[in-house]
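Here is my notebook from a first walk through this structure. I wrote down what I looked up, one topic at a time.

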Amino acid sequence: MLASMSAIGADHAPIAAVVQGETGSGKTHLLGWTRQEIQTRGGFFFYIKFVAGRDFWESASASLVDSLYRKDDGGHEQLLVLLDDLARRASLDDTTRAAITGERELTRIQLDTFIGGIRRLDRQVANEAGYTARALALVASSGAAVEAGTSYLALNDDDTELRTTWGLPPRARPAQLLLRDLTRLFALAGPLVFAFDQLDGLVAASETSLGAPSSGESRAAKRLTSDIATGLMNLREETRRTFIVVACQPDTWQKISRVAIRSALDRFDLLPELGTIPDEPTAAAIVSSRFRLGYEAVGFLPPSPIWPIGAAALTEAPQRYTVRRLLNRVAEHIKKCLDTGTVVELTSLTDDKPVTPPAPASDDQSVTLTSRFEDLRRNADLSGPLDKTTEDRLMPGLLGAGLKSLVKELGGEDTRFQIETAFGRNPALHARLRYVLDEKTEESVHWSFRAIAADNASAAQTRITNAMKESGLAAGLSSRRMTLLRNTSYPTGPKSDQIKRDFFARGGSSVPIGADDIQTFTALRSMLATRQPGLDDWLRSTRPASQTEVFASVLNELRPYLDSPEPHDDQSCASTPTLHEIVIGKTKRGSRNFTVAMRQLRMHTAVVGAAGSGKTVLLKRLVEQCALQGVSAIVLDPNDDLGRLGDPWPSTPEGWTKEQEDEAQRYFSGTEVVVWTPGLNRGRPLSFHPLPDFGPVLGDVDDFNRLLTSTVATLALQAGIRGKGARATQQLGVLRRVLDHYVRDGGRTMAGFVELLAEPPSAAVNSRTSRLAVDMADTLEAAMETDPMFGESGAPADPGMLLTPSPGKTSRVSVISFVGLAGDASARFVSRLQAALFSWFRAHPAGDRPLGGLLVMDEAQNFVPSSGANPSTESTVELIRQIRKYGLGIVLASQAPKGIHHQTVGNTANQFLGRMSVPVQLDAAKAMAQSRNSRVDDLGSLSRGIFYAAGEGTGFSKIEVPICLSHHTGPLQEDEVVERARRA
């Protein structure tokens, strides 16, 4: 390794070598040593990472760009080191050199001077890589110029004037040429090392898939293995002064070799295979390198470079310990010292004496920690992390603290988790959680996060694109998850919309990050930094990170890997029911009760199954069992299948048990079922005014904005807003600003709002948009006159009325039939109902009760479709994200899971999969199971009443759902609905 680094320091010819070793043998540690060594010699080091779904050159060039911002041990970014070196070699004056390295404002003249200086150094490099050199100087600068350089290096087309202003072409540079440019420029300043690591998991996935059914993930992995082999062989032709190091397991190199050209393969030197640590000096060097930077950072001089590991302990390492095993043993000792509050020297690696765990946090410690946590939350900075100028500096630390806490709360093996937050000055991501599924192959699952506050369309496009690339997000690749964090709508336009569609089609998600989460992450960051006594125990008992909205989907997806990697029929959910649990059915294997905790229903539920699968019986079972626990429900019944929830069986069903008979008696004696018919006066009419009660949310910025957003979305169609063009954007802005002004001023009625919109406040409009306000006021006024459901005739219903039982009853089930509504009127009604529910639960949260109520949405695809948004789409998405903390659980049911918006199904912790027959729907249901590391191969042939069921943190169990307590037959006719609605 030393000889190769010396050779490239003096010669342009590249060198390639392969470092082989089994898992834990020290390959990554050796690469870390190589980084330090080459940077000490004045060179540069680049980690090259590969992701499925991208070819070799895209992955390699993106890794180079990402490594630009990595700092050496002296704290200097490689990009700035390069630019400063080139500026000095080109003899630029001090002012120009300071501008090129970002110390002063950059001008076009100075940038041209820099390119001229490179031309004097090497004319060929300047001619071939001049545009790339411009981009490097721009990303080191400040202001809008950074976006021009970042977009170019991200391989994006950009026909705005910004690029041409700085002398950059609008078209994207091919990835292979960009990589060649970068190596040519860096070679002018010093030698380079390209380090290829973490190939084993990707190549293993390809090999494993050869005998397995074809899937998007296996095809992507196979293509990537071929790309790696071909790319590695061709890379030597594109580089100068470069030492290419491939670190992998022996099996991985053999698999790559199978598809590589033999003549090119011979150019790679196979270094001696790594194994156990050979001697004590090597063990000491490994341990001291782990401690050195930390000690230097805090100015601490240890008694010895390996302290608190004793020299005697390291005598046991040679020929017995791999690098990973040694470092894990060291980490165990350090953790013990921190937990006990006493630092002692480790004298033996093989000391098997049981370690006394730290005592659980005392009551006093818990009270102190809770008080500290609340104080830190109250003093959190809520604006900085969401500011486009500071999010890259603040958000990684916040998300990293949240992920560290989440890992501690889940109690998994620390060695299987990796948390990344150091993505450089212009990061593609802000945080990534990696969980290793197989320690031998290093196959892993990734969850990536990126906040985007940029309001400029080009900047947002670049950030989304870079995040997709760095995260490895690809359609069909379930092992790579990506979440964007944004509290406002994204910029619109053809290119922006296309990038967003691509992001969501690959399986990405976008969620808001509210004040609650920022406060929690801020508090956790401080508490983890100080490590107060009892902290780990306090985290496991209070689970603050597990309760954040940002990590809700991660928690659901991660826990199956920790608790139940394979589907079994005797999951922990299958047990004897206890207080605040409901029994859904019995497992097919073992005939044990499958139970769901009431509090878990706050995490929402999905029920999917074709006609005849037993889906309706399962929905009724959920409602009935909750009612027996004193929890009321609102049931949306578009097909009139659920209106018999108040009807006893006319005769005892076959197979009815004594237990079921007793439950039925308790259900009908304690539950009142009320059928409502919005839009149909001869039944039991029900209406909600278009404007919900904003009073309960006026003191909460996040909840106010959520309710405002969903209300504006509801009003938009009635106000005549169509499409997503510039006019529609202006109309939405005016509508939102005037409504904001109106409700903050105490306004409650639609008529009052329309009156204000007709004469809008000056702060809400300007000379160009005032006409829009008047036109929308006229349109809304006409809608109020022609649409009874939109007008405000009669008193609005109190949503609490739907959930509050009459005296002598313990629960109320409100079934809402849509026989009186046509077209999109049902979706408009649901939107208003949801806004009213959000406001009501905000004012009346469940508190310590496990569940405050249930909202069942049958045929959910009609209310929150996966495409072609309707009036209730946005309100449903927001409600399912936010309402769980106030105690309302939502049940989404559908025969067409493919048709339900992915951001709602993805936020359900409890899932039930019944028989599906339509191929596209069957594939969608199987994808739901795959996301929990489960297989449901016989889903297309399940019998009626048989479901695959999963709760929070479990894989799927096959269960049988018993017949419901209420009469179940065909759907009700309109007269039957009206008759039930008119019952006292």
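**Ground rules.** I call a residue buried under 20% relative accessible area, exposed over 50%, and partly exposed in between. I also keep in mind that this is a predicted model.

**Entry 1: a neighbouring pair.** With that cut-off in hand, I looked up Glu979 and found a relative accessible area of 39%, so Glu979 is partly exposed. Its salt-bridge partner is Arg980, with N and O 3.7 Å apart. Is Arg980 buried or exposed? I read 12% relative accessibility for Arg980, so it counts as buried.

**Entry 2: other salt bridges.** I then asked how many salt bridges the structure holds. The total is 41. I noted one network, in which Asp84, Arg88, Asp94 and Arg97 are joined by salt bridges that share partners.

Next I picked the pair Lys588 and Glu960, whose side chains meet in a salt bridge at 3.8 Å, N to O. Where do the two residues sit? Lys588 is in the loop between strand 11 (581–587) and strand 12 (593–597), while Glu960 belongs to strand 21 (residues 957–960). The two are 372 residues apart, and the pair links distant parts of the chain. Lys588 has a relative accessible area of 45%, which makes it partly exposed. Glu960, at 42%, is partly exposed as well.

I also looked up Lys615, which forms a salt bridge with Asp858; their closest N and O atoms are 3.1 Å apart. Lys615 lies in helix 25 and Asp858 in the loop between strand 17 (853–857) and helix 33 (873–882), so this pair ties together parts that are 243 residues apart in sequence. What about their exposure? Lys615 is buried, with a relative accessible area of 5%. Asp858 is buried too, at 0%.

**Entry 3: two packed helices.** Lys615 led me to helix 25, so I stayed there. Helix 25 (residues 615–628) packs against helix 26 (residues 658–670), at an angle of about 75 degrees and with the axes 9 Å apart. I count angles of 65 to 115 degrees as roughly perpendicular, so helix 25 is roughly perpendicular to helix 26. Which residues make the contact? On the helix 25 side I listed Arg621, Glu624, Gln625, Ala627 and Leu628; on the helix 26 side, Glu663, Arg666 and Tyr667. Sorted by kind, the contact has 3 nonpolar, 1 polar and 4 charged residues.

**Entry 4: an open sheet.** I turned to a sheet and asked in what order its strands lie. It is an open sheet of 5 strands in the order 2-3-4-1-5, and the pairing is parallel. Strand 2 (44–48) and strand 5 (268–270) are the edges, each pairing on one side only. From one strand to the next, the twist averages 20 degrees.

Within the sheet I zoomed in on strand 3 (residues 192–196) and strand 4 (residues 242–248), which run parallel and are joined by 5 bridges. Here Val193 stands opposite Phe243 of strand 4.

**Entry 5: helices on the sheet.** Which strands does helix 3 touch? Helix 3 (residues 56–67) packs on the sheet against strand 2 and strand 3, and its direction makes about 135 degrees with that of strand 2. Helix 10 (residues 175–189) also lies across strand 2 and strand 3, and it runs at about 135 degrees to strand 3.

Note on methods:
Residues are numbered from 1 along each chain as its sequence is written. This is a predicted model: local features need pLDDT of at least 70, side-chain atom pairs count only at pLDDT 80 or more; totals for chains, interfaces and linings use all residues. Side-chain values use heavy atoms; hydrogens and water are left out. Two strands pair if DSSP finds at least two bridges between them. Helices (H or I, at least four residues) and strands (E, at least two) are DSSP runs, numbered from the N terminus. Axes are lines fitted to C-alpha atoms, for helices over the stretch in contact, and angles run from 0 to 180 degrees between N-to-C directions. Contact means heavy atoms within 4.5 Å. Angles under 35 degrees count as roughly parallel, over 145 as roughly antiparallel, 65 to 115 as roughly perpendicular and the rest as oblique. Ala, Val, Leu, Ile, Met, Phe, Trp, Tyr, Cys and Pro count as nonpolar, Asp, Glu, Lys and Arg as charged, and the others, Gly among them, as polar. A salt bridge is a side-chain nitrogen of Lys or Arg within 4 Å of a carboxyl oxygen of Asp or Glu. Buried means under 20% relative accessible area, exposed over 50%, partly exposed in between (1.4 Å probe, protein chains only).
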